[in-house]
Structures are given as C-alpha cells and as structure tokens.
Amino acid sequence: MLALLALPRLAAAQPESSGELPPSLQEAPELEVPGARRELPREPMALRVEVGAGASLRLVQNHDFDQDTFAPSFLTARAAFQWHQRGRLRHGVGLGVTTNLSGDGSFQTGLDPVQQWVLTPLYVLELRFSDEPVPLFDLAATVGLPLALTPGFSPGAELDVTFTARILAGLGAYVSVGGCAFFGGKSRAGNLTVHPMVSAEVGLALRYELLP
C-alpha cells in the first residue's frame, strides 16, 4: 500500500519528456560550419553629400590669361546616390557644383568672385574600413567630368581621393586631394590651352539613408 501511494509522487518528480517541451526548446541548435562565409546584410540606399572649400595649385601658368600660381579658392558641394549593396565597397553616381570664392587674372581677362560655375557629373567608389553599419572611417575615389559653364564653356576631367572620419552616424569631416585638367580657350597664337591643377579640400560629409 505504501509503495502504491508513493508511485504518483515519483511520477510527478520525473522530468518532462522531450515531446512535451515547447517547440523553441525542441529545435536543434544551429551549427556553424568552420570556414563558411557569412553573408553580410544588404545596406540600404543612401545619399552621400559633401560640402567644403579648397584651393588649387596650377601646374602650368598661362601668361596669356594673366594666371597666378594658385587658382582661385573655391566652394563646392557634391551629392551621390548609392544603391543597395553588400560588403565594404559601395558605388554611387551623382553631381557636383563648384564656384570660385576669389578673383583671378587681370581686369580684362580675369574673373570676379562667384563668376565661374562648374557642373560635374561624377562616379564615387567608397571603401569602408570595417563591416559595421556605420564605420568610423572610409576612403572614396571620385572620378568626374567637370564642365565650366561660365564665363565660357570649358570641359575637363578630375580624380579625387577623399578620407572621411565620422563624428556622428550621419555626419563626418573629410579631407580630399586630387588633380584635374581643363581644356580652355585659345592662346594668342591660336593654340588650344590645357590647364592642369592639383587641389586640396576640407569640409563636412553627410550620409542620409533612404529607408523603405
């Protein structure tokens, strides 16, 4: 009789069978395969915006235009659209606008401040230094086709390298160095002129993610 009375208590002390466990506890743990490559999530589309100022050194001075060693200082703004991508490389296309902050040349052939405007279609290749959603540093190469619209039309080509350090998630500071060349007007001898320059620039970088 005592043994029969003890049976329910012993049965109650037995652990629940695996069939009675919640479904979440019945699933086998996910095994990681050594050497397997983890796929990174796709980054959202974003706008990369830079606003800065800089100066340029002329590699060749054309005295027909009364040029100084340094070209006018400038103010520039660029915006590039970056689409969905994975990994540390991001591609983007955009547009830049630049104007001169100081004058250049003589009274007859020179420029006044904010008289020259340059429109630049551009391509940006950005390299992030980590896989974090908001990396602290990134490096970007920009290839552009600057088009000087005023006071006369002059096409050109440029290549810049930009280093950016993040201050906040969507705000950073950048420094940029690069080179460009413009195909200008004819000299007094009637020859087409080329104006190569190297530039340095500093400014603020903004990043705005286009969430669905």
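**Contacts, burial and enclosed space**

Reader: Which residues does valine 175 touch, not counting residues up to four places away in sequence?

Author: Valine 175 touches Val161, Thr162, Phe163, Glu201 and Val202 once residues up to four places away in sequence are set aside; this is a predicted model, so every such value is computed from predicted atoms. Here, touching means that heavy atoms come within 4.5 Å.

Reader: Why is valine 175 called partly exposed?

Author: Its relative accessible area is 40%, and because buried requires under 20% and exposed requires over 50%, a value in between is called partly exposed. Valine 175 belongs to strand S8, and its C-alpha atom is separated by 7.5 Å from that of alanine 200, which is 25 residues apart from it along the chain.

Reader: What makes threonine 99 buried?

Author: Threonine 99, a residue of strand S3, has a relative accessible area of 7%, and since the label buried applies under 20%, threonine 99 is buried. Leaving aside neighbours within four places in sequence, its contacts are Ser73, Phe74, Leu75, Val114, Gln115, Gln116 and Trp117.

Reader: How do you know that the side chain of threonine 99 reaches the backbone oxygen of glutamine 116?

Author: The two are 3.0 Å apart, and a polar contact needs a pair of N or O atoms within 3.5 Å, so the distance meets that cut-off.

Reader: How do you know which residues make up the largest nonpolar core?

Author: Such a core joins buried residues of certain nonpolar kinds through side-chain atoms within 4.5 Å, and the largest set found in this way has 6 residues, namely Ala71, Val118, Ala148, Cys180, Phe182 and Met197. Cysteine 180 is in contact with Met197, and also with Ala157, Glu158, His195 and Pro196, when neighbours within four places in sequence are left aside. In soluble globular proteins, nonpolar side chains tend to be buried together. Across the protein chain of 212 residues, 30% count as buried.

Reader: Why is the space of about 70 Å³ called a cavity, whereas the space of about 1,100 Å³ is called a pocket?

Author: The distinction rests on access, because in a cavity a 1.4 Å probe fits but cannot get out, whereas a pocket is an open set of points. The search of the whole structure finds 1 cavity of 30 Å³ or more, and the volume of about 70 Å³ for the largest cavity exceeds that threshold. The largest cavity is lined by Arg48, Glu50, Arg78, Ala79, Ala80, Leu122, Val124, Ala140, Thr142 and Thr162, which divide into 5 nonpolar, 2 polar and 3 charged residues. Strand S2 gives the largest share of that lining, 3 residues.

Reader: Which residues of the lining lie nearest the centre of the largest pocket, and which strand gives the most?

Author: Of the 49 residues in the lining, Arg58, Leu111, Gln116, Phe182 and Met197 lie nearest the centre, while S8 gives the most, with 9 residues. By class, this lining has 18 nonpolar, 24 polar and 7 charged residues.

Reader: How many helices and strands does the protein chain have, and in what order do the elements run?

Author: The chain has 2 helices and 9 strands, and from the N terminus on the elements run α-α-β-β-β-β-β-β-β-β-β. Among its contacts with a separation of 6 or more, 57% join residues 24 or more positions apart.

Technical notes. Residues are numbered from 1 along each chain as its sequence is written. This is a predicted model: local features need pLDDT of at least 70, side-chain atom pairs count only at pLDDT 80 or more; totals for chains, interfaces and linings use all residues. Side-chain values use heavy atoms; hydrogens and water are left out. On a 1 Å grid over the protein atoms alone, a cavity is a set of points where a 1.4 Å probe fits but cannot get out, and a pocket is an open set with protein on both sides within 12 Å along at least five of seven lines; lining residues have an atom within 4 Å of a point. Helices (H or I, at least four residues) and strands (E, at least two) are DSSP runs, numbered from the N terminus. Ala, Val, Leu, Ile, Met, Phe, Trp, Tyr, Cys and Pro count as nonpolar, Asp, Glu, Lys and Arg as charged, and the others, Gly among them, as polar. Grid points are joined across faces, edges and corners, and a volume is the space filled by probe spheres set on the points. Buried means under 20% relative accessible area, exposed over 50%, partly exposed in between (1.4 Å probe, protein chains only). A polar contact is a pair of N or O atoms within 3.5 Å; within protein, one must be able to donate a hydrogen and the other to accept it, and residues adjacent in sequence count only if both atoms are side-chain atoms.
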